[in-house]
Amino acid sequence: MSDADHTDEFEPVQVFPTTEMDLRPGADDCYKCSTCDSECPVAAVDDDFPGPKFQGPEQWRLKRKDDAEIDDSVMSCSNCMRCDSACPSGVPLSQMHNTARGSYVENGMDKLSREYIRNRILSNYGTLAWFGSKVPRLTNFLMSSSVVQTVNERVMGITSEREFPEFAQQTFREWWEERGGNATSKKRASEAREQTGRGGAEVESDEKRVAYFHGCYSNYNTPEVGKAMVRVFESFGYEVMVPPQKCSGTPMFANGMLPDARRAAETNVAELSAAIEDGADIIASCTSCSLSLRQEYPELFDLDGIEDVSAHTYEALEYLRIHEDLSGALEESEIDSRKFAYHAPCHARNQGLAGQAIELLDGIEGAEAEDVGDSCSGISGTYGWKEEKYDTSMKIGAEMFHHMEDAEPDAGMTECPTCAMQMEHGTGYEIRHPLEVMEEALVD
């Protein structure tokens, strides 16, 4: 046999016709291993849920010849994306789930059904919040009414077991504009750069610029998290920009509302691409938002600039750990003595960020932090707000609740706003964001 025969590249035979769900390269890497199923928090408490392996590779194989419909159990996947991290073969499970869920909603769900209308409303929380924030006191009064909660459950299928999150009296964007916007941030960052010997932080450049993706919840419900982010970054000499933006799309992916998610992504990618051209990196204070911009956008959409946005996006604390001597800055920092019970969100684990908050708090005098384990909180964004999923959500979160109570903290702590809801709902503890603790330790 000649050398030329050895070097000829193998040309695979096209066995199956290409379909809209052609994820065969990923599916073919999935064989008898079931590691993803063993890591799935829904499958652990719901015997009727077939698990991520069925939702992804197996369902694709069933559908490849268009001889089977997408199974409706795909709507019971919480989109925690733990299966992605668990898979030893790199199968794009969550991408397959999102694609299958979108196909099921588009082709298999009645658009006039209560489930579709409820899911559409929940997944477009940003629109609901925009209206609610116009009259926050009235909205908070109405949404806390037991009558309204009962009607929501009976008519819409939104559980009455949960307390609806309150709207802030002033949104983050209103505060930002009132404070003076980009011009004020540039001035404060410049002042911080002129200071010397501050906590050991390395401030080297006069062109330090970040664009903040605050997401819906920090804007409408917890603006104190966004304010803390701005103040901490300015203290390190960063000019903060706040581009126009829409929802990251995370709740839309989880509910199979891919056209809605694409419309949001088109705005976000265009605005964030412009910020990158202005010399900024993208930072997010919510780990689900950073994961969406980094991973789900390029997996699901083909938009100009989308890979650039993905490559320039960071979680906020991750960005400081990469670019600053953060441990040096924290050496002389101090807060009032407190113990925190920390929960790492599943979407933080997906990005390899599970341990960073504990490491940072270990460097702050007065702060004591205990990791409450690697279990899922169970709420998974809109998942735990659905009447039929509420009990499953609480069963998933039970392990975390027990660990928090055993830790006997002064407060809980996490980066994810819906995990924070579940932690407070299941234990009654006040929940803080690590950026709020950082602000207390570092900002005068």
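This passage walks through the strands, cysteines, surface, backbone and salt bridges of a predicted model.

The strands come up early in the picture. Four of them make an open sheet with parallel pairing, in the order 2-1-3-4. Its edges are strand 2, at 239–241, and strand 4, at 313–315, and each of these pairs on one side only. Ignoring direction, neighbouring strands in this sheet are turned against each other by 35 degrees on average. Inside the sheet, strand 1 covers residues 209–213 and runs parallel to strand 2, with three bridges joining the two. For a concrete spot to look at, Ala-211 sits opposite Met-241 of strand 2. As a general reminder, the strands of a sheet pair through backbone hydrogen bonds, in either a parallel or an antiparallel way.

Further along the chain there is strand 5, residues 334–342, which runs parallel to strand 6, residues 365–371, and is joined to strand 6 by six bridges. Within that pairing, Arg-338 has Ala-367 of strand 6 as its bridge partner. Strand 5 also pairs with strand 7, residues 411–413, again in the parallel sense and over three bridges. Here Tyr-342 is the residue opposite Met-413 in strand 7.

The pairing of strands 5 and 6 also has a side-chain counterpart. Lys-339 and Glu-370 form a salt bridge, with 3.4 Å between their closest N and O atoms. This contact ties together distant parts of the chain, since Lys-339 belongs to strand 5 and Glu-370 to strand 6, 31 residues apart. The two ends are not equally covered: Lys-339 is buried at 18% relative accessible area, while Glu-370 is partly exposed at 33%.

Across the whole structure, a search turns up 16 salt bridges. Asp-260 takes part in two of the contacts described here. One goes to Arg-120, where the closest N and O atoms are 2.6 Å apart. That pair bridges distant stretches of the chain, with Asp-260 in helix 17 (residues 258–277) and Arg-120 in helix 8 (residues 114–123), 140 residues apart. The other goes to Arg-263, and there the closest N and O atoms are 2.4 Å apart. This second contact stays local: Asp-260 and Arg-263 are three residues apart in helix 17, so about one helical turn separates them. As for exposure, Asp-260 is buried, with a relative accessible area of 7%. Its two arginine partners are both partly exposed, Arg-120 at 32% and Arg-263 at 45%. Elsewhere, Arg-118, Glu-388 and Lys-389 are joined into one network by salt bridges that share partners.

Now for the cysteines. The model holds zero disulfides. Why does Cys-36 lack one? The closest cysteine sulfur, that of Cys-30, lies 6.0 Å from the sulfur of Cys-36, which is too far for a bond. Cys-36 counts as buried, at 7% relative accessibility. Cys-286 is likewise in no disulfide, and the nearest cysteine sulfur, in Cys-289, is 3.9 Å away. The cut-off that matters for this reading is that two cysteine sulfurs must be within 2.5 Å to count as a disulfide. Cys-286 is buried too, with a relative accessible area of 11%.

The surface has a nonpolar patch worth pointing out. Val-135, Leu-138, Phe-141 and Leu-142 make it up, and together they have about 390 Å² of accessible area. Phe-141 belongs to helix 10, residues 136–143. At 59% relative accessibility, Phe-141 counts as exposed.

Two backbone spots round things off. Met-81 is not a glycine, yet it has a positive phi of about 70 degrees. Met-81 lies in the loop between helix 5 (52–63) and helix 6 (82–86). Glu-408, also a residue other than glycine, has a positive phi near 50 degrees. Its loop runs between helix 24 (390–407) and strand 7. The two residues fall into opposite exposure classes: Met-81 is buried at 2% relative accessibility, whereas Glu-408 is exposed at 63%.

Note on methods: Residues are numbered from 1 along each chain as its sequence is written. This is a predicted model: local features need pLDDT of at least 70, side-chain atom pairs count only at pLDDT 80 or more; totals for chains, interfaces and linings use all residues. Side-chain values use heavy atoms; hydrogens and water are left out. Two strands pair if DSSP finds at least two bridges between them. Helices (H or I, at least four residues) and strands (E, at least two) are DSSP runs, numbered from the N terminus. Axes are lines fitted to C-alpha atoms, for helices over the stretch in contact, and angles run from 0 to 180 degrees between N-to-C directions. Buried means under 20% relative accessible area, exposed over 50%, partly exposed in between (1.4 Å probe, protein chains only). Patches are made of residues with over 30% relative accessible area and no salt bridge: like charges are joined within 9 Å, nonpolar side chains (Val, Leu, Ile, Met, Phe, Trp, Tyr) within 5 Å. Accessible areas come from the Shrake-Rupley method with a 1.4 Å probe; for residues, only the protein chains shown count as cover. A salt bridge is a side-chain nitrogen of Lys or Arg within 4 Å of a carboxyl oxygen of Asp or Glu.
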